[in-house]
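Visitor: Please take me closely through the second largest pocket, and set the largest pocket beside it for reference.

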Number of protein chains: 2
Amino acid sequence: MAERLNEILSELSGRGFRLTRIRRGVVELFITNALPLSALEVISMLGQSITTFNKTTVYRELAFLKEHGVIKEIQFPHERAKRYELATGEHHHHLICLKCRKVEEIELEGDLEEQEKKILRSRGFHVTNHSLEFLGICQTCRWQA
Amino acid sequence: MAERLNEILSELSGRGFRLTRIRRGVVELFITNALPLSALEVISMLGQSITTFNKTTVYRELAFLKEHGVIKEIQFPHERAKRYELATGEHHHHLICLKCRKVEEIELEGDLEEQEKKILRSRGFHVTNHSLEFLGICQTCRWQA
DNA sequence: CTAGTTGCAAACATTTTGCCACTAG
DNA sequence: CTAGTGGCAAAATGTTTGCAACTAG
């Protein structure tokens, strides 16, 4: 966890960017929270450890981290605000419970590679990326009457 | 086309709702435009046939039509505003060109039923819905240098 | 030092609300 | 008539911008 943080920070530092309070704080938040956070959540969570900072800075930091491949942006279909999560490792999707709003991660075997190849063959459209989220009712909520 | 319009309108009328200028206009727009429209697009397109109306009314009409299953809401991952399209027939997805912003519809054979069953079995999460959009470069844009 | 970063205030884009007036059926 | 609709102004929400001031390295 801590080594992941240093890894990211020293990478950024090596590229000539500064390591500021907010930068450290935001990256740390994403490392300790696997699930996607909205800008507003980041702002409120950050407020618990850093006393004064401006929301603009956070928006700019999110843009910066996205730009430099540290985090990626996600748009959930049932929400207005964008979310962000660490751009780490394997490609995954989300299960979103419409009742309790809980979010789980899920990986699909083979994912959509086959489909995307088909799309290229049949339409000449080269898929570089896709967004896929599942909406439904989680196990806990199904148990409840 | 026209019969589809009457079908929808008389269905709504039968359920006790009124057929107003805006309602007719908005439904007609969705019937003649296969691809998803944003509220702002609806407002501007509507302006070409109806002289005076308020944007609030359009937002309310979109909420109404969604509520009553006439249209469905889509959130594209690269855009801010929500989009809407006729909730007609078969489930499909979209190919979104990141260069020219063109949107094409696509149907996937078998879709994700199998995956969703797996999710239920392995996690107890009951998927009721999913969102899937493909981002990439369309054939036309690939041809261009 | 100086480029990268921050704060502040204000603008922006999209959508929602309250409240009262209006009209389709 | 009267519930369903519409208009207007204002608020709410989430995000971006311009610009001057500040600071990490």
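Guide: **The second largest pocket**

Strand S2 (71-74), strand S4 (93-97) and strand S6 (126-137) of chain B each contribute at least two residues to the lining of the second largest pocket, strands being DSSP runs (E, at least two residues) and helices DSSP runs (H or I, at least four), numbered from the N terminus. With five residues, S6(B) gives the most to this lining. The model is predicted, so local features need pLDDT of at least 70 and side-chain atom pairs pLDDT 80 or more, while totals for chains, interfaces and linings use all residues. Residues are numbered from 1 along each chain as written, chains are lettered from A and ligands numbered from 1 in written order, and side-chain values use heavy atoms, without hydrogens and water.

The lining holds 23 residues, of which A:Pro77, B:Glu73, B:Ile74, B:Asn129 and B:His130 lie nearest the centre of the second largest pocket. A pocket here is an open set of points on a 1 Å grid over the protein atoms alone, where a 1.4 Å probe fits, with protein on both sides within 12 Å along at least five of seven lines, and lining residues have an atom within 4 Å of a point. The volume of the second largest pocket is about 490 Å³, a volume being the space filled by probe spheres set on points joined across faces, edges and corners. Its lining divides into six nonpolar, nine polar and eight charged residues.

For reference, the largest pocket encloses about 570 Å³ and is lined by 17 residues, with A:Arg80 and B:Arg80 among those nearest its centre. The largest share of that lining, four residues, comes from H4(B).

Technical notes. Ala, Val, Leu, Ile, Met, Phe, Trp, Tyr, Cys and Pro count as nonpolar, Asp, Glu, Lys and Arg as charged, and the others, Gly among them, as polar.
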